[in-house]
Amino acid sequence: MDVSQIIDELNPAQRQAVSSTDQHLLVLAGAGSGKTRVLVHRIAWLVRAQRISPHALLAVTFTNKASREMRERIQHLLGVSPQGMWIGTFHGLAHRLLKAHWQDAGLSENFQILDADDQLRLIKRVYTTLGIDPERWPHRQAQWYINSQKDEGLRAGHIQPTSDPFTSAMLQVYRGYEEACQRGGVVDFGELLLRAHELWLNKPDLLHHYQQRFAHILVDEFQDTNAIQYAWLRLLAGGGATVTAVGDDDQSIYGWRGARIENIQNFVRDFGDVQTVRLEQNYRSTATILNAANAMIARNVGRMGKTLWTAGQDGEPISLYAGFNEQDEARFVAERIEDWTTQGNSRHSAAILYRSNAQSRVLEEALLRAQIPYHIHGGHRFYERLEIRNALAYLRLLVNPNDDAAFERVINTPTRGIGDKTLQQIREQARQRRVSLWQAAEHTLPQLAGRAANAVDGFQQLVTSLRDETVDLTLGEIAEHMLQRTGLLEFHRLEKGERGQTRVENLGELITACQGFEVQDITQPPLPQFLDEAALDAGDRQAERDEDAVQLMTLHSAKGLEFPLVFMVGMEENLFPHKLSSEEPGRLEEERRLCYVGITRAMQKLYMTFAEVRRLYGGENYNPVSRFVRDIPAQLVQEVRLSGSVTRPTTYAKNAPRKGMRGKGNSDSGADTGLGLGQQVQHKVFGEGVVLNFEGNGAHARVQVNFHKAGSKWLVLQYANLQPL
DNA sequence: AAGGCAAATGTTTTT
DNA sequence: CATTTGCCTT
């Protein structure tokens with residue numbers, strides 16, 4: 001391909017960024033300004049025009065999704081995959097380094113990654129060992145403390161002991177936790193970054209090697225980097241590499257989890273010789289929407305400064321609706337979506353954005369009532385489900401029996417008569433001998449009662465023989481065999497009713513995932529690689545499902561997405577800006593950026609809604625309209641009071657059976673079934689529920705039912721034998 | 001070891 | 001209000 005092709009289709013600012021030859025480059029990329037495009041084209045330009053080997057390029061993102069997208073687009077643009085280039089998340093790249101240099105990093109070869117859940121369990125254990133009272137300092141607080149310290153690049157040893165009882169308790173826990181991790185050969189997310197940084201600090205030769213290798217470092221979402229990530233980048237770039245940082249200070253919404261917006265300003269100061277390019281032309285939204293966003297964000301101080309503009313139309317005004325209460329608000333949204341789809345638009349082109357997850361409920365109920373299929377983003381992901389985590393724990397033990405978190409999780413799952421007392425003894429033994437639980441278990445055997453000793457011994461033999469039996473098997477076979485031999489499959493199958501079935505299905509999906517897994521390194525066994533991927537990429541894989549449904553999500557998770565029609569609901573003081581964030585000026589500014597993110601998601605039409613009365617936590621709240629709404633120039637906003645809308649507060653009896661709904665000709669409703677969306681149904685095991693969704697037709701038709709007791713489930717229509725109520 | 005009850009506790013989330 | 005947690009009982 002021709003070099004000019006990489007450049008020609010860009011606007012002047014984009015072109016300037018892509019072909020910058022200054023030492024460093026800061027791209028301030030406004031929402032919808034072609035940020036990823038610039039990044040991808042710059043990489044292509046470096047390879048094609050500058051003749052830089054992909055081997056000398058490193059591109060780092062924040063999420064797996066972003067790095068996948070970047071890889072695909074580079075491949076698309078270059079026509080070939082960029083062999084030798086490092087593309088990944090901060091955590092992914094750190095992991096790659098630690099795997100390659102595990103000895104220099106002071107890790108065991110098969111170190112495992114601890115996720116948030118296992119981390120909390122481990123912390124609980126440390127509490128018990130140290131005799132710290134979780135009533136006084138909740139476990140979660142310690143978890144938060146440890147993670148924040150790691151985000152800042154601080155180990156327990158770096159922190160000055162104080163007389164402050166909180167700090168000294170937290171420090172004690174931090175220390176004990178560090179030891180437990182080291183002993184178990186596990187590493188949490190923060191530790192990946194911290195260790196990768198220390199690896200380079202401690203091994204200058206290694207650092208030098210990587211500094212020499214990477215001539216260009218490209219960073220996406222730079223405003224989201226935390227202290228340790230920034231330090232890591234500085235170290236790597238210290239050998240003269242060129243850094244391209246792409247970000248938007250106005251979209252920094254993760255300060256509360258360690259992201260440092262000031263890294264953008266510091267970049268110019270710390271790196272010197274930085275060319276700054278602003279991408280301000282927006283290709284997403286109408287001028288009205290952009291003007292609203294610009295006006296709102298202008299209230300923040302200390303910005304790098306940026307004003308979005310478009311060559312496109314003004315578009316429709318922003319509609320503001322004052323609901324009488326949250327029910328009315330939700331009803332309004334549902335009606336507007338009905339109008340939208342009636343006009344021939346798809347449902348998935350509409351999104352409802354809210355500040356906190358709790359708000360989704362009323363909206364769901366309204367959509368259900370209106371028979372509008374919806375999809376909620378967020379919630380449990382595949383690898384976070386209990387049964388999957390149990391299965392993974394067994395697999396982890398196969399790789400590394402000293403993994404205490406895995407050991408604790410499954411020593412009595414399925415139940416095999418190992419109670420708390422036995423476990424306590426093993427823990428005590430482990431503490432005394434400073435060994436892993438697995439090792440301690442062997443030492444504890446003699447002092448256990450016959451039955452308990454048998455059970456523990458049986459467990460260890462199970463794991464050991466499982467390891468022997470699976471050496472020559474493929475990953476899929478290992479998973480399948482493990483599920484059988486451990487009895488996990490049976491255990492979950494026998495779980496009462498509803499849950500069991502889903503869990504067995506999920507375990508089946510796990511086997512499928514194992515079968516389809518592609519190893520990174522063919523010289524290494526697949527299992528550890530699979531476990532690493534499971535830990536580092538919680539797999540939004542099934543979000544790809546392309547049912548035509550309205551998208552519901554928090555403002556945070558909407559970042560990076562765009563929708564023709566957007567609703568920002570709950571535009572009320574105390575809700576948004578959230579009460580807990582409206583006190584401090586800094587946090588309020590972050591809320592405002594969140595609002596900016598929300599507004600700039602909208603392509604054609606934006607609705608903002610609020611409720612005059614909102615039931616929350618039992619009480620009635622009369623929140624004033626959000627200050628953010630008042631920040632938008634009045635001429636851009638149209639206040640809505642549709643004729644035919646309710647003139648008094650409406651309340652709906654929850655789950656009340658509705659009349660006249662059966663057999664309505666909804667195209668998605670599997671017309672011959674007698675069931676429609678929103679239909680109340682009865683299932684002989686799960687009880688009563690409401691039909692949420694349909695999928696497929698004929699013998700393959702499946703129906704999603706939200707059971708009052710059992711929660712939401714997908715059933716095969718053919719077998720479900722649902723009775724309409 | 002599972003189920004039931006009382007008490008606490010209510011942002012945002014990736015890796 | 002409603003969900004989740006943890007303690008207590010069978």
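**Entry 1: DNA strand C**

I started at Gly618, where a polar backbone atom is 3.5 Å from a sugar or linking oxygen of DNA strand C. That just makes my polar contact limit, a pair of N or O atoms within 3.5 Å; within protein, one must also be able to donate a hydrogen and the other to accept it, and residues adjacent in sequence count only if both atoms are side-chain atoms. Before going on, I noted that this is a predicted model, that local features need pLDDT of at least 70 and side-chain atom pairs pLDDT 80 or more, while totals for chains, interfaces and linings use all residues. Residues are numbered from 1 along each chain as its sequence is written, chains are lettered from A and ligands numbered from 1 in the order in which they are written, and side-chain values use heavy atoms, with hydrogens and water left out.

Which residues are around DNA strand C? I found Arg361, Tyr617 and Gly618, taking a residue as near when one of its heavy atoms lies within 4 Å of the strand. In the side chain of Arg361, an N or O atom sits 2.6 Å from a phosphate oxygen of DNA strand C. I also looked at what the protein meets there: of the atoms of DNA strand C within 4 Å of the protein, 42% are sugar or phosphate and the rest belong to bases.

**Entry 2: DNA strand B**

Next I counted 25 residues surrounding DNA strand B, with Asn64, Arg355, Thr554, Ser581 and Arg587 the closest. Sugar and phosphate make up 53% of the atoms of DNA strand B that come within 4 Å of the protein.

I picked out three distances. Asn64 has a backbone N or O atom 2.8 Å from a phosphate oxygen of DNA strand B. His91 puts a polar side-chain atom 3.4 Å from a base oxygen of DNA strand B, and for His556 a polar side-chain atom is 3.5 Å from a base oxygen of that strand. Helix H25 (555–558) and H26 are the elements that give two or more residues to the surface near DNA strand B.

I sorted that surface by class and got seven nonpolar, 13 polar and five charged residues. My classes: Ala, Val, Leu, Ile, Met, Phe, Trp, Tyr, Cys and Pro are nonpolar, Asp, Glu, Lys and Arg are charged, and the others, Gly among them, are polar.

**Entry 3: chain A overall**

I tallied 28 helices and 21 strands in chain A; these are DSSP runs numbered from the N terminus, H or I of at least four residues for helices and E of at least two for strands. Of its 725 residues, 56% are buried, meaning under 20% relative accessible area (exposed is over 50%, partly exposed in between; 1.4 Å probe, protein chains only). Among contacts in chain A with a separation of 6 or more, 73% are between residues 24 or more positions apart, a contact being heavy atoms within 4.5 Å.

**Entry 4: two helix pairs**

For the pairs, I used axes fitted to C-alpha atoms, for helices over the stretch in contact, with angles from 0 to 180 degrees between N-to-C directions. Under 35 degrees I call roughly parallel, over 145 roughly antiparallel, 65 to 115 roughly perpendicular and the rest oblique.

H13 (residues 287–297) and H26 (residues 585–599) have axes that come within 9 Å and cross at roughly 175°, so H13 is roughly antiparallel to H26. I listed Ile289, Ala293, Met296 and Ile297 from H13 against Arg592, Arg593, Cys595, Tyr596 and Ile599 from H26. By class, that contact has seven nonpolar, no polar and two charged residues.

H16 (residues 386–399) and H20 (residues 450–469) also have axes within 9 Å, but crossing at roughly 70°, so H16 is roughly perpendicular to H20. Here Tyr394, Leu397 and Leu398 of H16 meet Phe459, Leu462, Val463, Leu466 and Arg467 of H20. The split is seven nonpolar, no polar and one charged.

**Entry 5: buried spots**

Is Asp404 buried or exposed? I have Asp404 as buried because its relative accessibility is 3%. Asp404 lies in H17 (residues 404–410), and its side chain makes a polar contact of 3.4 Å with that of Arg125.

Ile74, in H4 (residues 64–78), is at 0% relative accessibility and therefore buried. Leaving aside neighbours within four places in sequence, Ile74 has contacts that include Val40, Ile43 and Met85.

Finally I checked H11 (residues 227–237), where nine of its 11 residues are buried. At its start, a side-chain oxygen of Asn226 comes within 3.2 Å of the backbone nitrogen of Ile228.
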